Amino acid sequence: MKIKLTINGASYEKDVAENRTLLRFLREDLGLTGTKEGCGAGECGACTVILDGRTVNACMVLAAEVDGASVKTIEGEARDGKLSDIQQAFDRHHAVQCGFCSSGMVLSVRELIERNPRPSVGEIKQGLEGNFCRCTGYTQIIEAVLDVTGQIDRKGEMTHA
Amino acid sequence: MIYNFKYLAPETRGELHAMLADRGPAAALLSGGTDLLVNIRNGVLRPEFVINVKKVKDFGGIAWSAEEGLIIRAGCTINDLLRDARVRADYPLLAACAHDLASYQIRNRATVVGNVANASPCSDMAAALLCLKARAVISSSRGEREVPFPEFFKGVKKTVIRPDEILERIIVPASSAGAPGDYRKLKRINGHDLAIVGVALLKQDGEIRMGISSAAPTPIYVGGLKTSDPADLVVAAALEAVHPISDVRCTREYREHMIQVYVRRLLEEVKA
Amino acid sequence: MLEHSDPSTLKHVGHSPERQEATAKLTGDAVYTSDMTLPGMLHAQIKKSPHASAIIRGIDLSRAEKLPGVRAILTGADLDYRLGLYVVDKDILAKGKVRHYGEAVVAVAADTLAIAREAVELIDVDYEVTPAVLNHMDAIKEGAPLVHPDLGSYATIPEVFSPQGGTNIANLSKCRKGDIDKGFKEAEWIVEREYTNPSVQHVPMETHVAIVEWKTGDEITIWTSAQSPFTVRGLFCYTFKLPLTKVRVIIPHVGGGFGGKAGIHMEPLVACLSRKAGGRPVKFQATREEEFSLLPCRSALTYKIKTGVRADGRICAQKMEMYWDAGAYADYAVNVTRASGYSAAGPYEIPNAWLDAYTVYTNKPYGTAYRGFGHVEFFWGLERHMELVAQTIGMDPLAFRRLNLLRPGSLTLTGEKITEHTGDIRKCLDSVAAGIHYGELTAAEQARELQTGLKIGKGLATLHKAPAMPPFTATAVIMKMNSDGTVLVNVGLTEIGQGSTTAFAQIAAERLGFPLDKVTVTVEKDTDRDPYDWQTVASKGLMLTGNALILACDDLLKNAYEVAGQALRAQPCDLEHDGGRIYIKHNHDKSVSFSQLSVGYCYPDGNAIGGPLIGVGRYVAQGLTNLDKATGQGLPALDWTYGAHGIIVEVNPASGEFHLLKICSAYDVGKAINPDMVRGQCIGGMIQGLGTALCEGYIYDEQGHLLNPSFTDNKIPTARDIPDEIECIIVETPQLDGPFGARGVGEHPMIAVAPALGNAIRDAVGAELTHMPIRAEDVWRAMGRKEPVETWITRTPTGSCRSVLL
């Protein structure tokens, strides 16, 4: 079947298999491999995209369902080759290690701060519980979010004994 | 790996009912998709047709009616419910059960209707709806019928919904509005997890009503209790109504223990 | 080598510049093997065993073979190759019998994933189920079913490993120090207990994936999400009897490894499919469920410790028995056993020690390397035991540890002498004890207890680890100057998220005296281009490759100075340089730029000297020895990284629910090359350790089916599961032979988190936990001294959980 949608502001019109997930559609049919598959079952959040303004797990959405919709993927976060404020904050705070969760994590943060411009640490933790990270232990990610929302102005530090 | 199916997206109730009349047993209804697509991926369900109900006119969001109360439609997501200030104010128990359901991304897609129609014994929303005297409105080409939630669940993942029917909307009566209530659910981590055991407790007009999840093949309703009853009695009634099992998530003994703990906690913390 | 550099003069080392490859990762530009497609690529799927132990009576491929789009099918009968890092015990596909739930039996390559999946479903395998042995403590008994009846005939490295043919023992490692019987005779108290923990999975966010192309003439290219390109190439060529020049291994970005991708896994099978399909590239990506059962996990462990203590509180003897549940294949497990063996007593002075460590086969998914290489598992028992010993003799646990910790002059279990440069374990322990106000509740904590009715407890644990690696581990670095004076560095050590790329750039920039933005370390690995590195494991990369890097910088500069000397008509010893040029010390105006030298220097008349500037550095571990097979004595440790954790926990005495208020961790890293990245490793590793402590663990039914093969029931920590407060402390006792004094810390933060928590819970409510994970139910049971939950192999019905082979 044919679907028409906007992805990162650009229009697409494509034939899709009826059982195609949005995740596979993005990665394999469109070559937008920034969105990752971590479990395929809606648990890990590696495939988080923003659909009509709300984050969803793309593995749990059929491409057929997004006919007429607007999708944002990680490829739409940086503009004109410049990292966004969130991406820069992640960079500054070393909130990226292997990077596999980063696409989904950045978009979850984007949507979080759009609906809650000054989230508390507890709200950040709850907002990001659907994005697994096995590398960072989440702390530097939380610090990046506090930074980008103007709540801290320095990096977390280690003590020297 | 998604198994092959045909996708249908009716735009009116009539179309939807006709599809169900024709293909009911071979079809699965898609609202949020967060249970259905996992089940298809895992080979648990192999429907020939997947019918997306979100494009049906008047199936989205919620509505308010003076006589009926809150009407939760088939396309209303968990987050749609949580975002509504009036829902949070009038039905705090609904919000309590909704806010820790899965993860934020799942709540943006999962629907209340889907959650109860899936009829997992772990359903968080069922616990609330049982306490709130909510009714399921089930429709088909043959008309509409209402089923109070205590009669809605028949077994593990089994409800009274027939193959040609759809749980079209849920009515949460105006009479339950304003009743204080809260939900406690045992999880294995602080992060998103299904209910290992869950207790919803509501106080209204001197009555205590409870909904218990993950302690029986279906979510269980416990009524007939008064706010004047001693805690031990309420606990005993809860334990009497359930028969939890031991599985990989928890043992029967700890489930029973935590039901007690939660009932006592809620009795104290829910202020009539 | 150590640079006794004044920290105030260091421009790059000790600072925290941003990660070199962060932009690629943050924008979705970074390509991982799972993102790759190649022209003509086929997709592979695998038919896996639903049984823990069975004979394969027959395989019917007829329906699958007829399916259009199927290009290759392989069964065990088609492949006569054996794999094994240390004990060669594994066929590429099960031959004649299956040994664990989830084992690969048939492999299919087809035009699309859907066709491959359908083909797998059309294949019928006729099994005759045979008795499985699931619990390793049953597997070592006389008469237990043998997982490998032919164990005695398997190739191995006899100098290092001792498989016991005719049993389920894949290896027995021993350590004998002093006189154990005499030691126990001196003891005033003898304390004995057993500790256990289950298998867990690494859970890298990117599952295992490989693409292999086996072209005409055995020209093979492998793209894989892996940690060790040279190990993949080496083992592959060993298995298929090919010269190393035939195989090229390429590793793009890697979505996490944690040891699970340290060796060789799916590459040989995928390669065989490609060969069968006429050389077309074939891709296999594990589903998350396959990651949990087809791919390996971490061995489970039963650890029995018997400690003798003198009247003055000093440990005089310790007898240790480790029983490692390796699952169906030995893989890395035999080495985990060996490496844990020599570390098993922890950072304590034990004059008389006896250790027997067994690697035991069972019919379950098998254990491979996992961050910590056994240390997370055995420190659970060890640090819970130290706590028990202290309690038993009536000594404060902190004082007991301080009394017994290794000190300069102490000998380790293998007879290595500790010096004041080895590291400062006392400072680590004291720092964390102070960080949590160990031994008392603050006024605020007391008030909190009164207000909430919950109990607050505090616990400590120490840790140590040396890299588990061969004594001849080597690495090399090649540094090439570009014609614009920038430098490109090739290393064989793989970036798996730990930050090696950036740390190496900092070290190189520091040693070269260049600005950081002039140094690039390549991220993608390619065995055709990159110089050899043994493996990206063991927390040895920073030290060994860092040293090689320094040597490569020196080599590059030496080459540059030679040419510059000629160009400037000066002695190299009269020259100096900055980030852009080489100049005469006593006449700064006389200079030549690096870019002028970079690919050969050209005189005004056209004569040329020199050539492309390339620096080579190679470093091999020095002075290490093998361990004596009978006594375990020797010098295996490149370095020791010490550390400690202090945890404050709040426990509900009515329910067993608990919450971590604070964790304070300290590590002696020698020198933090990039403190923010060190902090990232510290916190990340600690949270992974917390996962092991709180919620991770494989659960099987009595037939050996894995009941939690997905995230539904195999949980890992989320952002909501981290302690309220996290403090990281670093101690910097310079490693004399480490680059700028640095030693590794990649694995260490995982170690000993669990026992620190177990000790804190005991402090809070008296619950004695001897098994991981620690869930609310376990605390409740321990408080009430009820029967512990049989967590690994359930006696009870499975209820709503299903084994799903996906």
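**Exercise 1.** In this predicted model, which residues does C:Val108 touch, not counting residues up to four places away in sequence?

*Solution.* Contact here requires C-beta atoms within 7 Å. Leaving out residues up to four places away in sequence, C:Val108 touches C:Ala44, C:Gln45, C:Ala64, C:Val70, C:Ile73, C:Ala116, C:Ala119 and C:Val120. Next, place this residue in its surroundings: C:Val108 is among the residues with the most contacts inside the largest nonpolar core, together with C:Ala508 and C:Ile761. That core has 407 residues. Helix H15 of chain C, residues 541–568, gives the most to this core, with 16 residues.

**Exercise 2.** Find the order of the strands in the open sheet that includes S6(A), and say which strands stand at the edges.

*Solution.* Step one: the five strands run in the order S6(A)-S31(C)-S30(C)-S29(C)-S18(C), with mixed pairing. Step two: S6 (159–160) of chain A and S18 (455–465) of chain C each have a single partner strand, so they stand at the edges, and one side of each lacks a neighbour in the sheet. Step three: S6(A) pairs with S31 (residues 725–731) of chain C in the parallel sense, over two bridges. In this pair, A:His160 stands opposite C:Ile730. Step four: helix H12 of chain C (residues 425–435) packs on the sheet, and its direction makes about 20 degrees with that of S29(C).

**Exercise 3.** What radius of gyration does chain A have, and what value would a compact globule have with 161 residues?

*Solution.* For 161 residues, a compact globule would have a radius of gyration near 15 Å. Chain A has 16 Å, which agrees. As for burial, 63% of the residues of chain A count as buried.

Terms used:
Residues are numbered from 1 along each chain as its sequence is written. Chains are lettered from A and ligands numbered from 1 in the order in which they are written. This is a predicted model: local features need pLDDT of at least 70, side-chain atom pairs count only at pLDDT 80 or more; totals for chains, interfaces and linings use all residues. A nonpolar core is a set of buried Ala, Val, Leu, Ile, Met, Phe, Trp, Tyr and Cys residues joined through C-beta atoms within 7 Å. A residue is buried if 20 or more other C-beta atoms lie within 10 Å of its own, exposed if 12 or fewer, and partly exposed in between; C-beta atoms are placed from the backbone. Helices (H or I, at least four residues) and strands (E, at least two) are DSSP runs, numbered from the N terminus. Two residues are in contact if their C-beta atoms, placed from the backbone, lie within 7 Å. The radius of gyration is taken over C-alpha atoms; the globule rule is 2.2 Å times the number of residues to the power 0.38. Two strands pair if DSSP finds at least two bridges between them. Axes are lines fitted to C-alpha atoms, for helices over the stretch in contact, and angles run from 0 to 180 degrees between N-to-C directions.
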